[in-house]
Each structure stands twice: as structure tokens, then as C-alpha cells.
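Okay, thanks for squeezing me in, everyone. I'll put a structure on the screen and then walk you through it.

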Amino acid sequence: MNLFFSGAILLGCLVLPTAIMAWDGFDADTTDLVELTPDKLPSPGEAVEVRDYDTDTTQTCLVESVARNSRTIEVMVQTPDGKHRTLVMEGR
């Protein structure tokens, strides 16, 4: 029974999808809540997923610049339609 239980736990860990961590913040212009995926400090030129909580939509955006402040990090991104957004994220 012990071997069965251990095998079931191992199988569950391998089969179940892992939760993707996201980084919370807001859009500087609209103050809409957003999250970035993946949950790490991006570099200019990287693609990130930006999820808007208010509209429940997700866009893949290109990071243009990253600026650290005393308590926040501003991530300037370009959306697929060419618009620029400044996302103010929790400080790291």
C-alpha cells in the first residue's frame, strides 16, 4: 500500500499542470490591473504576456524598456497593434 501511495503521488505530480506564476501591477494610463507572464524581470526585446483583469484579455507584447524606481518597476511595452503601454509593477 505504501508503494502504491508513493506511486500515485509521483504520477499526480508529473501529470497535473503546474501553475504559471504571474507578476502583478497596473497600467499607468488607465490604472487597470494587469499581470505579466512569466514572473520575472524582463529585458528589452523580450516578449511577455500581458493580462488585463478588467477586460479579461491577454496580449503578447514586446518589452521596449525597463526602469527601476524605489518601490516599483516600470515596464514599457508595445502591443501587437503598435500602441505603447507603461506597466507599473511591484518592486523586486
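I'll go from the overall fold to the strand pairing, then the salt bridges, and then the surface.

Before anything else: what you're looking at is a predicted model. So please read every number I give you as something computed from that model.

Let's begin with the layout. The protein has 92 residues, and its secondary structure comes to one helix and six strands. If you walk along from the N terminus, you go α-β-β-β-β-β-β, with the helix leading and the strands following. Those six strands close up into a barrel, in the order β1-β2-β3-β4-β5-β6, and the pairing is antiparallel. From one strand to the next, the twist averages 45 degrees.

As a quick reminder, strands of a sheet pair through backbone hydrogen bonds, either parallel or antiparallel.

A few global figures while the whole thing is in view. Buried residues account for 23% of the protein. The accessible surface is about 6300 Å², and 60% of that belongs to carbon and sulfur atoms. And if you take the contacts between residues at least 6 apart in sequence, 22% of them join residues at least 24 apart.

Now the strand pairing. Which strands does β1 pair with around the barrel? On one side there's β2: residues 23-27 make up β1, residues 33-37 make up β2, and four bridges join the two, running antiparallel. On the other side there's β6, with three bridges to β1, again antiparallel.

Phe26 is a handy residue for seeing both contacts. Phe26 sits in β1, its bridge partner in β2 is Leu33, and over in β6 it stands opposite Val88. So keep Phe26 in mind, we'll come back to that side chain.

Moving along, β5 covers residues 72-78 and is joined to β6 by seven bridges, antiparallel once more. One of the pairs there is Val75 with Leu87 in β6. The two strands form a hairpin with five residues between them, and in the turn you'll find Gly82 with a positive phi of about 90 degrees.

While we're on β5, have a look at Ile73, which lies in that strand. Is Ile73 buried or exposed? With a relative accessible area of 1%, it's under the 20% cut-off, so it counts as buried. From Ile73 to Leu87 is 14 residues in sequence and 8.1 Å in space, C-alpha to C-alpha.

And β6 itself? Five of its seven residues are buried, so the strand is largely enclosed by the rest of the structure.

Right, salt bridges. Side chains of opposite charge can pair when their charged atoms come close. How many salt bridges do we count here? The total is four, and I'll show you three of them.

First up, Asp27 with Arg85, where the closest N and O atoms are 2.7 Å apart. That one links distant parts of the chain: Asp27 is in β1 and Arg85 is in β6, residues 84-90, with 58 residues separating the pair. Both Asp27 and Arg85 are buried.

Arg85 has another partner too: its side chain meets Asp52 in a salt bridge, 2.9 Å from N to O. Here Arg85 lies in β6 and Asp52 in β3, residues 47-52, so this pair ties together parts that are 33 residues apart in sequence. Asp52 is buried, just as Arg85 is. Put those together and you get one network of Asp27, Asp52 and Arg85, joined by salt bridges that share partners.

Next, the pair of Asp56 and Arg51, with 2.9 Å between the closest N and O atoms. Asp56 is exposed, because its relative accessible area is 55% and the cut-off is over 50%. Arg51 is partly exposed at 24%.

Last stop, the surface, and back to Phe26 as promised. Phe26 is partly exposed, with a relative accessible area of 33%. Together with Leu33 and Tyr53 it forms a nonpolar patch on the surface, and the three have about 270 Å² of accessible area between them. You've already met Leu33 as the bridge partner of Phe26 in β2.

That's the tour. Happy to rotate the view if anyone wants another look.

Key
Residues numbered from 1 in each chain as written. Predicted model: local features only at pLDDT ≥ 70, side-chain atom pairs only at ≥ 80, totals over all residues. Heavy atoms only, no water. Pairing = 2+ DSSP bridges. Axes fitted to C-alpha atoms, helices over the stretch in contact; angles between N-to-C directions. Buried < 20%, exposed > 50% of the residue type's maximum accessible area, 1.4 Å probe, protein only. Patch = residues over 30% accessible without salt bridge, like charges linked within 9 Å, V, L, I, M, F, W, Y side chains within 5 Å. Areas by Shrake-Rupley, 256 points an atom, 1.4 Å probe, with all protein chains shown as cover. Contact = heavy atoms within 4.5 Å.
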